[in-house]
Amino acid sequence: MQKSVRYNEGHALYLALLARKEGTKRGYLSKKTAETNRWHEKWFALYQNVLFYFEGEQSARPAGMYMLEGCNCERVASPRLADKKPLGDHYFTVLFGHEGQKPLELRCEDEVDGDEWVEAIHQASYSDILIEREVLMQKYIHLVQIVETEKIAANQLRHQLEDQDTEIERLKSEIIALNKTKERMRPYQGNQEDEDPDIKKIKKVQSFMRGWLCRRKWKTIVQDYICSPHAESMRKRNQIVFNMVEAESEYVHQLYVLVNCFLRPLRMAASSKKPPISHDDVSSIFLNSETIMFLHEIFHQGLKARIANWPTLILADLFDILLPMLNIYQEFVRNHQYSLQVLANCKQNRDFDKLLKQYEANPACEGRMLETFLTYPMFQIPRYIITLHELLAHTPHEHVERKSLEFAKSKLEELSRVMHDEVSDTENIRKNLAIERTIVEGCDILLDTSQTFIRQGSLIQVPSVERGKLSKVRLGSLSLKKEGERQCFLFTKHFLICTRSSGGKLHLLKTGGVLSLIECTLIEETETSDEDSKGSGQVFGHLDFKLVVEPTDAPPFTVVLLAPSRQEKAAWTSDISQCIDNIRCNGLMTIVFEENSKVTVPHMIKSDARLHRDDIDICFSKTLNSCKVPQIRYASVERLLERLTDLRFLSIDFLNTFLHTYRIFTTASVVLEKLSDIYRRPFTSIPVRSLELFFATSQNNRGEYLADGKSPHLCRKFSSPPPLSLSRTSSPVRTRKLSLTSPLNSRIGALDLSASSVASSPTSTYSPATSPPPTAGKVPLDLSKGPSSPDQSPGSVEDSLENPRIDLCNKLRRSIRRGITYSQNTESVDTTELSPCRSPSTPRHLRYRQPGGFNNSERMCDKEFIIRRAATNRVLNVLRHWVSKHSQDFELNNELKMNVLNLLEEVLRDPDLLPQERKATANILRALSQDDQDDTHLKIEDIIQMSDCPKPECFETLSAMELAEQITLLDHVVFRSIPYEEFLGQGWMKVDKNERTPYIMKTSQHFNDMSNLVASQIMNYADVSSRANSIEKWVAVADICRCMHNYNGVLEITSALNRSAIYRLKKTWGKVSKQTKALMDKLQKTVSSEGRFKNLRETLKNCNPPAVPYLGMYLTDLAFIEEGTPNFTDEGLVNFSKMRMISHIIREIRQFQQTSYRIEHQQKVTHYLLDKTLIIDEDTLYELSLKIEPRLPA
């Protein structure tokens, strides 16, 4: 078809004249205009493939023209009027083949005339000719291809003929050569016939012996190779490949069952009239499992094809094809937990639950639940990694596939790490959302993705505090337990206090329900000088701690909380103080240096490539920690210790992980030596790059604002001096001063570089707005205070303005809470002798100081002094966390304990030590020095030794409640006694497990003893009714254990009832009531190991401590982590991602260990439960079972 036509005006007028005279079709037609949609009558003339239209028949010049080549003309129905009667005219439309050209709409009054116009335009479009041309062109192309093919075939035949001619000549030459050889051999053959028969026999024997020796030699060679290490390695490698093919076949079958027995039927059910499930829920449950099935079907077909070509086995290229597609697993793994939650919610619908059970009854499912099939893809990537590890272990270094397999392994490990990081990040968000959903009022702060969950538990809130005195109206333990019990949640930035309703829902307190930790001051120990605090300490047994809250838009108040035990109090206060210190440490450099420095603090951290860029001794993940710094994936021990002592930030998760797992890759003495170096030589121990960024200054700003007298900063008046009192002792390096100069900022507070929340122990609590400051006699002794000189007194505003050094020092003392500003009332400078300083990190008794007490202010400008204070604060912070939460390290290592005591005593002797640091050091010393005499926890050894009860109780005289309570008490006592060190290194699976993990083995033995006791007690009854009653009683005990959150006890009883000796007693179970059987099924479902104890994990996640989980669940998780990933990489770096996973499991275990039950020990019941004379061994139990109910004849 012609795409364009070039013409001039004369040519067009000439064609129009021909059209008027000799046109194929001429006449009047109505044309619809595109602009106004109105019809105008025009005179049209058709000539060849050009359609002209004129204003009238007599017009000489055409009004327009249309090229009809390639167009299409169609009849159009007449439009209807308002009364639905069609018009009498006949319409047709011309559609052009050019893009962007609008169709031409025409009409005429006569139908015959319209048909003629349509036919004429159709002829003028040359459409038939174009079609014929296209057909001919296709035939031409086809013939050309045939000719080309024939040419190629002829050329090939010519080459074949030439090759055959060459081959014929070669064969002829060979025949000639053979004939010549045959002629030469004829005389020799004639001689052979004349040989002696004995010589022939000798030659035959020699030939036989040569063959036998050759065969023997080759047999020896083959046998030696079969027994060689290389052949053994190849056999193992082949076996690994065969096992991989079998495992892949099984995995594809599992995916096939998941898709065809569950996914596709549920899609059909979702499309029914009354759908039991929506399409969105189906998509959320199954995710992209169908795509995963298609991918692995292709991979499995490739594996089978390679096995068919055995022994030429090449697998690496299959993995090269598979690797880019395995990214689809990221979506599945990331949303797996959510899919299980959606499935659990859908099961609440009876119709869906009934339908799902029908699907699960399919023989192809083999009794497995849908959750089991949804869990299979979670382990496929680790399974590939393990298989490749085994393959590489048995693949020689010179093997052709070695490099390809190593590349595939590295890519799979990288994908596994990315998936793990995404799952960790997603799990944190889902944990927050799960807590947010349990709160009736909702909590918007939990929607913040930077909010990380730390811990939860039950605490008792003591009645209100007013003017520093506790209300003693209702301090009875019963009223406190009933009305003061609170469910508390600690996050990195906030502390939530909730009450629990009878229905289990949580309600935030109207006042003080959401506490921002940046506005809180933690007070752990009350001072002995305060009589009221001393009295409260005696009332509560020193189990209470306080949070002083100073919100910016409300009056301050105090929250007093009571922990169940000293251990739990230490855990809560340690985590809270760590969160508070972390927030303030993050804001510390921003407040102090951001306005003076070229480098802001976020940029300060970003500028340090060592914090986010991989190096030979460290590797980071994409996930950020609470300090917005990438988490460490692999690192050397030196880099881990460097991160532990980096003064710019300290992640709580990193500190917990390090202290839980440091003994895997280093020793306690190395950690303590590093802390000692940081304290004694901070400048040499801290990386140079950190110090450079720490003190990056802007010299260009010097005096810039001071020259401007109209600057608003210069008009600022102070209402109080800085709060810190410094000693007269000069800094060790007086000559090295900071050259920081900046204008006065209008938002000035007090900076406490070393303020640790442990040190914040005010003598009384009050609000400056409601009560006057205490007198000078109430201020405690300041060990570092000395006489101050009038020139150094910062009480004058003018002095601070004239001296930029003092201005900087004032700035260094700012609070992290920049929103809190001083009052602008200048009269307080002259009239108030003691002016309050609103610093959240400064204790109350330090916030009212005399103006003359702030001497040596220039010393705060000393760079080394600032670093020393920050380093001391970091060392005390780590030691405090170590001593309070990991006291077992010091109980088992007396040398370590003495070294820590010596270091703390050395810190106390520091003349520059601030009062807060001195108090923090004293608290750590007191916690480290106190004996275990105040530990009132019951121990299993004490219970066993109690044999005062002359006669143990029998089973019939004990109630189900008594049995359940004492079983729970014993289980928790045994579970609590396990030190966390035993969870490291899979010691419970080693040969010397009794020496390496004695307490884990005791827990396992206690579980078996309790299970044996239940089975033995049931089998002691001779009649059927007594056995049935005993079963019903034990099921009731298990249900009470479930209500008390003792899931270990539930599993002890249900496992006993499922023993073959008891399970086979059909007559006995026939006497058991249907309600008991239904309750038994419910309990078994809760503690079932299906889906890696999925139901038990969900139950533990939603229950509040105290609780006793099943220890085997956590040991399985730890074993999976230990076997799946090594402790060190090939480069010798610590696998810190693995340490983080181990730490998370240990923290969950310790959370349940630290919260004790308030159950009174009943000696008569425990004496019965621990009586091993009642236990019957397994073989005797089965013999008794056969006597009670013999086997039926076959």
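**View 1. Residues of helix H35 meet residues of helix H39 in this predicted model.** From helix H35, Glu-1032, Val-1035, Ala-1038, Asp-1039 and Arg-1042 come into contact with Thr-1076, Leu-1079, Met-1080, Lys-1082 and Leu-1083 of helix H39. Sorted by the character of their side chains, the residues of this contact comprise 5 nonpolar, 1 polar and 4 charged. Helix H35 covers residues 1024-1043 and helix H39 covers residues 1074-1086, and the two pack with their axes 10 Å apart, at an angle of about 40 degrees. Because of that angle, H35 is described as oblique to H39, and the crossing of the two helices is left-handed.

**View 2. Strand E6 is paired with strand E5 and with strand E7.** Strand E5, made of residues 72-76, runs antiparallel to E6 and is joined to it by 5 bridges; within this pairing, Asn-72 stands opposite Leu-95 of E6. Strand E7, made of residues 104-108, is likewise antiparallel to E6, to which 5 bridges join it, and here Thr-93 is placed opposite Glu-105 of E7. Strand E6 itself consists of residues 90-95, and 5 of its 6 residues are buried, so the rest of the structure largely encloses this strand. When looking at such a view, it helps to remember that the side chains of a regular strand alternate between the two faces of the sheet.

**View 3. Ile-978 lies in a loop between two helices.** The loop that holds Ile-978 connects helix H32 (960-976) with helix H33 (993-996). Is Ile-978 buried or exposed? Its relative accessibility is 1%, and because buried means under 20%, Ile-978 counts as buried. Leaving aside residues up to four places away in sequence, Ile-978 touches Phe-983, Tyr-999, Ile-1000, Thr-1003, Leu-1111 and Gln-1153. The C-alpha atoms of Ile-978 and Met-1001 are 9.6 Å apart in space, while 23 residues separate the two in sequence.

**View 4. The whole chain provides the setting for the close-up views.** The chain has 1194 residues, of which 49% count as buried, and its secondary structure comes to 44 helices and 22 strands. If one considers the contacts in the chain between residues at least 6 apart in sequence, 73% of them join residues that are at least 24 apart.

Methods
Residues are numbered from 1 along each chain as its sequence is written. This is a predicted model: local features need pLDDT of at least 70, side-chain atom pairs count only at pLDDT 80 or more; totals for chains, interfaces and linings use all residues. Side-chain values use heavy atoms; hydrogens and water are left out. Buried means under 20% relative accessible area, exposed over 50%, partly exposed in between (1.4 Å probe, protein chains only). Helices (H or I, at least four residues) and strands (E, at least two) are DSSP runs, numbered from the N terminus. Two strands pair if DSSP finds at least two bridges between them. Axes are lines fitted to C-alpha atoms, for helices over the stretch in contact, and angles run from 0 to 180 degrees between N-to-C directions. Angles under 35 degrees count as roughly parallel, over 145 as roughly antiparallel, 65 to 115 as roughly perpendicular and the rest as oblique. A crossing is left-handed if the near helix is turned anticlockwise from the far one by less than a right angle, and right-handed if clockwise. Contact means heavy atoms within 4.5 Å. Ala, Val, Leu, Ile, Met, Phe, Trp, Tyr, Cys and Pro count as nonpolar, Asp, Glu, Lys and Arg as charged, and the others, Gly among them, as polar.
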